Amino acid sequence: LLSLGGGTVLSAANVDILHRHGVRILWLDTSMDIIWREIGNSVRPPAKGKSRREMEALLEERRPSYEASADSVLKVDTDDYDEVIEKLAHKIEDMV
């Protein structure tokens, strides 16, 4: 299990390398409300110094790459970590 940054799949070369090495890509499709609660006012790029509106635009810009590269998608509609972990475990189980 690898946890990669959101920019990883923006490069087709990265996606190709991952797939050639048997890595299956799972996109955690999360609402901006949850994303903003998690990374708003973050010092991590690309969120550093960005407004919520700018982050929404970035997500929409990246969405086609996320959709195209994902072998599977997990819709995350809660910030309850226990629930997300349970859903994630089931999804990973289904993928292997």
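These points describe a predicted model, beginning with its pocket and ending with single residues.

1. The pocket. The largest pocket holds about 1600 Å³ of space. Its lining is made up of 44 residues, and those nearest the centre of the pocket are Ser3, Leu4, Gly5, Gly6 and Leu28. Two or more lining residues come from each of β1 (26-30), α2 (32-39), α3 (52-69) and α4 (81-95).

2. Character of the lining. By residue type, the lining of the largest pocket divides into 29 nonpolar, 9 polar and 6 charged residues.

3. The core. The largest nonpolar core has 12 residues. They are Val9, Val15, Leu18, Ile25, Trp27, Met32, Ala47, Met55, Leu58, Leu59, Tyr66 and Ala70. The elements giving two or more residues to this core are α1 (12-20) and α3. Helix α3 supplies the largest share, 4 residues. As background, nonpolar side chains in soluble globular proteins tend to be buried together.

4. Leu58. This residue lies in helix α3 and belongs to the largest nonpolar core. Is Leu58 buried or exposed? Leu58 has a relative accessible area of 18%, and it counts as buried because that value is under the 20% cut-off. Ala47, which is also listed in the core, stands 11 residues from Leu58 in sequence, and the two C-alpha atoms are 9.4 Å apart in space.

5. Glu67. Helix α3 also contains Glu67. Its relative accessible area is 47%, so Glu67 is partly exposed, a class that runs between the 20% and 50% limits. How far apart in space are the C-alpha atoms of Glu67 and Gly49? The distance is 26 Å, for a separation of 18 residues in sequence.

6. Lys50. The loop between α2 and α3 holds Lys50. Lys50 is partly exposed, and its relative accessible area is 34%. Along the chain, Lys50 and Leu74 are 24 residues apart, and 26 Å separates their C-alpha atoms.

7. Helix α4. This helix, one of the elements that line the largest pocket, has 15 residues. From its first C-alpha to its last, α4 reaches 21 Å, close to the 21 Å expected at 1.5 Å a residue. Which residue caps the N-terminal end of α4? Asp80 does, with a side-chain oxygen 3.0 Å from the backbone nitrogen of Asp82.

8. Helix α3 in review. Helix α3 gives two or more residues to the lining of the largest pocket and the largest share of the nonpolar core. Within α3, Leu58 is buried, whereas Glu67 is partly exposed.

Definitions and conventions:
Residues numbered from 1 in each chain as written. Predicted model: local features only at pLDDT ≥ 70, side-chain atom pairs only at ≥ 80, totals over all residues. Heavy atoms only, no water. 1 Å grid on protein atoms, 1.4 Å probe; cavity = no way out; pocket = protein on both sides within 12 Å on 5 of 7 lines; lining within 4 Å. Points joined across faces, edges and corners; volume = space filled by probe spheres on them. Nonpolar A, V, L, I, M, F, W, Y, C, P; charged D, E, K, R; others polar. Buried < 20%, exposed > 50% of the residue type's maximum accessible area, 1.4 Å probe, protein only. Expected span 1.5 Å × (residues − 1). Polar contact = N/O pair within 3.5 Å; in protein donor to acceptor, adjacent residues only side chain to side chain. Core = buried A, V, L, I, M, F, W, Y, C linked by side-chain atoms within 4.5 Å.
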